[in-house]
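Subject: Structure handover

Hello,

Here is the structure for you to look over. My notes follow below it.

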Amino acid sequence: ALSGLPPPQSIGEGINGTSLEPIFDDPTVTVKNASYSQFAKVSNFSVENKFHRNETNIMGYTVRVDEWRYTAWFAFDKVKIVPITNQILGRELYDHRGDTSLYLDFPGENMNLVESPQYENVVKMLHDLILGYICLYPV
């Protein structure tokens, strides 16, 4: 352990997450294959981030893998406070192959490829990752 303390699991503590310790030993090590984010909206055109949680109408989930960024926008149930995953309001797919990470706004993010037939399998795979990330339980 980095701090010299025992791992929480060894003393009966439950913990959720992935240890980043291997990266300190070898910066080329990969500890996760994807990163996720989400963004709530009150309307299609709103980017305001200050509103009450029961005002959320749309929830966007993004998965970023080595070569792609995919976002799915779902209708949102304001009562149960969960996305309605069978009501997809929009999708985005951006190609990050060749992204050197030199630019904050990678030029590959100016063309949404989600409807391109040649990327149908990529879209399905990334959408399935998002659904697994959301991991909804009956409410």
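**Helix α2 and its buried face**

In α2, the buried residues are Val-122, Val-123, Leu-126, His-127, Ile-130 and Ile-134. Seen down the axis of α2, these buried residues fall within an arc of 125 degrees, so they line one face of the helix. The background is simple: an α-helix has 3.6 residues a turn, so residues three or four places apart point the same way. On the other side of α2, Asn-121 and Lys-124 are exposed.

Please keep in mind that this is a predicted model.

What covers the buried residues of α2? The cover includes β1, β2, β3 and β4. Helix α2, residues 120-134, lies across those four strands and runs at about 50 degrees to β3.

The helix length also checks out. The 15 residues of α2, at 1.5 Å a residue, should span 21 Å. The end C-alpha atoms of α2 are 21 Å apart, which agrees. After α2 comes Cys-135, with a positive phi near 45 degrees.

**The sheet**

The sheet is open and has four strands, in the order β1-β2-β3-β4. The pairing is antiparallel. Strands β1 (35-41) and β4 (82-95) stand at the edges. Each has a single partner strand, so one side of each is left without a neighbour in the sheet. On average, neighbouring strands of this sheet are turned by 20 degrees against each other, direction ignored.

Now the pairs, one at a time.

- β1 and β2: these strands run antiparallel and are joined by seven bridges. Tyr-36 has Val-63 in β2 as its bridge partner. Ala-40 stands opposite Met-59 in β2.
- β2 and β3: seven bridges join these antiparallel strands. Tyr-61 has Ala-72 in β3 as its bridge partner. A hairpin of three residues makes the connection from β2 to β3.
- β3 and β4: ten bridges hold this antiparallel pair. Asp-77 has Val-82 in β4 as its bridge partner. The hairpin of β3 and β4 has four residues between the strands.

Is β2 mostly covered or mostly open? Mostly covered: six of its seven residues are buried.

**The core**

The largest nonpolar core has 19 residues. Which residues have the most contacts inside it? They are Val-63, Trp-68, Tyr-70, Leu-93, Leu-126 and Ile-130. The elements that give two or more residues to this core are β2, β3 and α2. For context, nonpolar side chains tend to be buried together in soluble globular proteins.

Val-63 is a good place to start browsing. Leaving out residues up to four places away in sequence, Val-63 touches Ala-34, Ser-35, Tyr-36, Trp-68, Arg-69, Tyr-70, Leu-126, Leu-129 and Ile-130. Two of the helix residues named as buried, Leu-126 and Ile-130, are on that contact list.

**Three residues to look at**

Val-65 is found in the loop between β2 and β3. Its relative accessibility is 15%, so Val-65 counts as buried, the cut-off being under 20%. Which residues does Val-65 touch, not counting those up to four places away in sequence? They are Asn-33, Ala-34, Leu-126 and Leu-129. Asn-33 lies 32 residues from Val-65 along the chain, yet their C-alpha atoms are separated by 6.4 Å.

Ile-81 sits in the loop between β3 and β4. Its phi is near 60 degrees, a positive value in a residue other than glycine. At 29% relative accessibility, Ile-81 counts as partly exposed.

Pro-8 is in the segment before α1 (21-25). At 31% relative accessibility, Pro-8 counts as partly exposed. Not counting residues up to four places away in sequence, Pro-8 touches Glu-13 and Ile-15.

**In brief**

Helix α2 lies across β1, β2, β3 and β4. Its buried residues line one face. Strands β2 and β3 join α2 in giving two or more residues to the largest nonpolar core.

Best wishes

How values were computed
Residues numbered from 1 in each chain as written. Predicted model: local features only at pLDDT ≥ 70, side-chain atom pairs only at ≥ 80, totals over all residues. Heavy atoms only, no water. Pairing = 2+ DSSP bridges. Axes fitted to C-alpha atoms, helices over the stretch in contact; angles between N-to-C directions. Contact = heavy atoms within 4.5 Å. Expected span 1.5 Å × (residues − 1). Buried < 20%, exposed > 50% of the residue type's maximum accessible area, 1.4 Å probe, protein only. Arc of directions from axis to C-beta. Core = buried A, V, L, I, M, F, W, Y, C linked by side-chain atoms within 4.5 Å.
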